[in-house]
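Welcome, and thank you for coming along. Please open the structure in your viewer and keep the selection tool at hand. We will go from stop to stop together.

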Amino acid sequence: MYSVVLVYSASFQTALVRYEVNANYFAIRQCIFFIVGLLLMLFISRFNRQIFLREKTIRSIYLITFFMLLSVLILGETTNSAQRWLNLFGFVFQPTELIKIFVILFTAAYFTYFRKQIDRSERPLYLYVFLLLIIVGLIILQPDLGTAAIVFVIAISQLVSSGLSFKRILKVALFLIGVFIVAFLFVYFIHPDFFSSTKMARFSYLDPFNKENLDDSYQLRNGYYAIGNGGFFGNGLGASIQKLGYLPEAHTDFIMTIISEELGVFGLLLYLTFIFIFIKKAFSVVFLSQSTFDVLVAIGVLSWLSIQVFFNLGGVSGIIPLTGVPLPFMSYGGSSILALSCGLGFVLAGERRMKKQIEEGVFYA
């Protein structure tokens, strides 16, 4: 409910302007997303892990991920120079949000099922890295550098936690560094337009009040005004000034600034408390479960939540460049909420099996 109330507060003017009489448009949809997400989470929390520990299932997860990203590049809708959305029978969604959970499941299942082969040979390990780079590359082509970075960090955190020796991790790291250097040189010399002023404008956060950066840093500066105006306890729910036409799409990626202006530091700390509760559940599975699959899934979801919160809060506060990623469970958007609900469902499933394992003293693969 916290998210629905804040989305309503941040979006009612936008909804009135865009839909004339329906000020509740975004809030009602956000509420529906949460109800569906809750049902998904409860359903997934009862899943049997063995469904994913089959070679056919692992292959299917990857192929679905690959073709979903490919379909975005071919059939996707373009908004603000980015081709990231699919429209299926009037339902518009962002596949890259679902890709995060698919990558988590694929990685966890891959390193659980092929554990013995990976111990004997490095070929399955480098095959995984190659498959991961294809997925990350397809996301970059949309272009969506923020999501590409999140997916990459999620997968690497799972890889590092999979029990590989330090020597193998070092080899993979050196290989990836080499790939990135070659990719950078290729893009720089073959496609220098990639580093266009539009993309480099993201770095206006370094000096947002510079006269030369005023257009590029418009949203960031108005976010600063909102944060500074809120103080510790805020101006009161609904009392934000910046959402009244100054801060575009305030109910999406920049909703944290509205929280800060209306509820102050207290409102932000309340949100972070909710996130900490979710993270604590994931940590309990990581440290107490004896199932490799459940541990790797929990690490993936834990990395997902942590890095996405950091990217969003860091971006809107000017610590890092803006990445355009939503604030988990707060920003308006069905794709993000449903995907995160699925991720938490898998963590709850791991927690349920962990408790059973502790009670019975039985080891699960």
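Before the first selection, one term: two residues touch, or are in contact, when they have heavy atoms within 4.5 Å of each other. Please also keep in mind that this is a predicted model.

**The whole chain**

Start with everything shown as a cartoon. The chain has 13 helices and three strands. Now colour by burial: of the 365 residues in the chain, 49% are buried. Contacts can also be sorted by how far apart the partners are in sequence. Among contacts with a separation of 6 or more, 71% are between residues 24 or more positions apart.

**Stop 1: Y128 and F111**

Select Y128 and show its side chain. Leaving out residues up to four places away in sequence, Y128 touches F106, T107, Y110, F111, A155 and L159.

Next, select F111, one of those partners of Y128. F111 sits in helix α4, which covers residues 95-113. Is F111 buried or exposed? Its relative accessible area is 0%, and buried means under 20%, so F111 is buried. Again without residues up to four places away in sequence, F111 touches I118, L125, Y128, L159, S162, L164 and L296. Try a distance label from F111 to S162: their C-alpha atoms are 6.7 Å apart, although their positions lie 51 residues apart along the chain.

Which residues touch the most other members of the largest nonpolar core? They are F111 and Y128, in a core of 91 residues. To see where the biggest share of this core comes from, select helix α12, residues 292-316: this helix gives the most, with 15 residues. As general background, nonpolar side chains in soluble globular proteins tend to be buried together.

**Stop 2: helices α10 and α11**

Now hide the side chains and look at pairs of helices. Two packed helices are described by the angle between their axes and the distance between those axes.

Select residues 218-230 for helix α10 and residues 255-288 for helix α11. Their axes are 7 Å apart, and the two helices pack at an angle of about 20°. Angles under 35 degrees count as roughly parallel, so α10 is roughly parallel to α11. The crossing of these two helices is left-handed. To highlight the contact, pick G223, A226, I227, N229 and G230 on α10, then M256, T257, S260, E261 and G264 on α11. Colour that selection by residue type and you will find three nonpolar, six polar and one charged.

**Stop 3: helices α11 and α13**

Keep α11 on screen and add α13, residues 334-360. What is the angle at which α11 and α13 pack? It is about 45°, with the axes 9 Å apart. The two helices are therefore oblique to each other. This crossing is left-handed. On the α11 side, the contact is made by F278, K281, A282, S284, V285 and L288, and on the α13 side by L344, V347, L348, G350, E351, M354, Q357 and I358. By type, the residues of this contact divide into nine nonpolar, three polar and two charged.

**Stop 4: A349**

While α13 is still selected, find A349, which belongs to this helix. A349 is buried, with a relative accessible area of 1%. Setting aside neighbours within four places in sequence, A349 is in contact with I44 and S45. Add N48 to the view as well: A349 and N48 are 301 residues apart in sequence, while their C-alpha atoms are 8.3 Å apart in space.

**Stop 5: F329**

Move to the loop between α12 and α13, where you will find F329. F329 has a positive phi of about 65° although it is not a glycine. At 12% relative accessibility, F329 counts as buried.

**Stop 6: T57 and V160**

Two more selections remain. T57 is in helix α3, residues 55-75. T57 counts as buried, at 18% relative accessibility. Its contacts, not counting residues up to four places away in sequence, are I51 and F52.

Last, select V160 in helix α7, residues 145-160. V160 is partly exposed, with a relative accessible area of 41%. Add V172, twelve residues from V160 in sequence, and the label between their C-alpha atoms should read 9.9 Å.

Notes:
Residues are numbered from 1 along each chain as its sequence is written. This is a predicted model: local features need pLDDT of at least 70, side-chain atom pairs count only at pLDDT 80 or more; totals for chains, interfaces and linings use all residues. Side-chain values use heavy atoms; hydrogens and water are left out. A nonpolar core is a set of buried Ala, Val, Leu, Ile, Met, Phe, Trp, Tyr and Cys residues joined through side-chain atoms within 4.5 Å. Buried means under 20% relative accessible area, exposed over 50%, partly exposed in between (1.4 Å probe, protein chains only). Helices (H or I, at least four residues) and strands (E, at least two) are DSSP runs, numbered from the N terminus. Axes are lines fitted to C-alpha atoms, for helices over the stretch in contact, and angles run from 0 to 180 degrees between N-to-C directions. Angles under 35 degrees count as roughly parallel, over 145 as roughly antiparallel, 65 to 115 as roughly perpendicular and the rest as oblique. A crossing is left-handed if the near helix is turned anticlockwise from the far one by less than a right angle, and right-handed if clockwise. Ala, Val, Leu, Ile, Met, Phe, Trp, Tyr, Cys and Pro count as nonpolar, Asp, Glu, Lys and Arg as charged, and the others, Gly among them, as polar.
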